[in-house]
Amino acid sequence: SDKAEEEIKKARTETGESFLVKKYRAEKMYQAMEAFVKYTKSHRMLDASYIRWKIGVTPEKPFVFSTRVGGTDLGWGKGKTRDLAID
């Protein structure tokens with residue numbers, strides 16, 4: 001089925017590293033991340049997470065993360081550090 005094929009593709013491109021939004025703690029404060037945590041809590045998005053990806057990685061920006069809620073990737077970010085990519 002299409003859903004099974006999609007899951008196989010995701011497994012190949014994700015690193016397996018993920019963090020629940022409500023439990024992730026950045027090394028320093030980022031306003032956008034703090035706002036998103038509050039938003040997900042107030043809207044009861046308990047499964048919101050940051051997912052690390054293998055695709056889109058460059059030497060300048062080795063970290064690529066998506067923000068996933070309800071099984072759907074809502075946004076993407078790249079950065080030199082994990083926190084910058086998530087922010």
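Start by selecting Trp 53, which is buried at a relative accessible area of 5%. Keep in mind as you click around that this is a predicted model.

**Stop 1: the tryptophans**

Leave Trp 53 on screen and add Trp 76. The two form an aromatic pair, with 4.9 Å from centre to centre and 55° between the planes, and that makes a tilted arrangement. Now colour by secondary structure: Trp 53 belongs to strand β2 (residues 49–53) and Trp 76 to strand β4 (residues 72–79), so the pair links distant parts of the chain, 23 residues apart.

**Stop 2: zoom out**

Switch to cartoon for a moment. You should be able to trace three helices and four strands, and from the N terminus on they run α-β-α-β-β-β-α. The chain has 87 residues, and 31% of them are buried. If you like contact maps, take the contacts between residues at least 6 apart in sequence: 43% of them join residues at least 24 apart. Put a surface on and you are looking at about 6100 Å² of accessible area, with 53% of it belonging to carbon and sulfur atoms.

**Stop 3: the phenylalanines**

Back to rings. How many aromatic pairs does the structure hold? There are four. For one of them, select Phe 19 and Phe 65: the ring centres are 6.2 Å apart and the planes sit at 40°, so this pair counts as tilted. Here again distant parts of the chain are linked, since Phe 19 is in strand β1 (residues 14–20) and Phe 65 in strand β3 (residues 63–69), 46 residues apart. Are these two residues buried or exposed? Both Phe 19 and Phe 65 are buried. Add Tyr 24 and Tyr 50 to the selection, and you have one aromatic cluster of Phe 19, Tyr 24, Tyr 50 and Phe 65.

**Stop 4: the nonpolar core**

Keep those four rings and add Val 21, Met 33 and Ile 86. Together, these are the residues that touch the most other members of the largest nonpolar core, which has 13 residues. Helix α2, strand β3 and helix α3 (82–86) each give two or more residues to this core. Which element gives the most? That would be β3, with three residues.

**Stop 5: Val 21 and its surroundings**

Now centre on Val 21. Skip everything up to four places away in sequence, and Val 21 touches Phe 36, Val 37, Thr 40, Ala 48, Ser 49 and Tyr 50. Two residues from that list, Thr 40 and Ser 49, are next on the tour.

**Stop 6: Thr 40**

Select Thr 40 in helix α2 (residues 31–42). Thr 40 is buried, with a relative accessible area of 4%. What does the side chain reach? Look for the backbone oxygen of Val 37, at 2.9 Å. Setting aside neighbours within four places in sequence, Thr 40 is in contact with Val 21, Met 45 and Ala 48.

**Stop 7: Ser 49**

Last selection: Ser 49, over in strand β2. Ser 49 has 11% relative accessibility and counts as buried, because the cut-off for that is under 20%. Draw a distance from the side chain of Ser 49 to the backbone oxygen of Asp 47 and you should read 3.1 Å. For the surroundings, again not counting residues up to four places away in sequence, show Phe 19, Leu 20, Val 21, Ser 66, Thr 67 and Arg 68, which Ser 49 touches. Phe 19 in that list takes you back to the aromatic cluster with Tyr 24, Tyr 50 and Phe 65.

Terms used
Residues are numbered from 1 along each chain as its sequence is written. This is a predicted model: local features need pLDDT of at least 70, side-chain atom pairs count only at pLDDT 80 or more; totals for chains, interfaces and linings use all residues. Side-chain values use heavy atoms; hydrogens and water are left out. Rings of Phe, Tyr and Trp (its six-membered ring) pair if their centres lie within 6.5 Å; planes under 30 degrees apart count as stacked, over 60 as edge-to-face and the rest as tilted. Buried means under 20% relative accessible area, exposed over 50%, partly exposed in between (1.4 Å probe, protein chains only). Contact means heavy atoms within 4.5 Å. Accessible areas come from the Shrake-Rupley method with a 1.4 Å probe; for residues, only the protein chains shown count as cover. A polar contact is a pair of N or O atoms within 3.5 Å; within protein, one must be able to donate a hydrogen and the other to accept it, and residues adjacent in sequence count only if both atoms are side-chain atoms. A nonpolar core is a set of buried Ala, Val, Leu, Ile, Met, Phe, Trp, Tyr and Cys residues joined through side-chain atoms within 4.5 Å.
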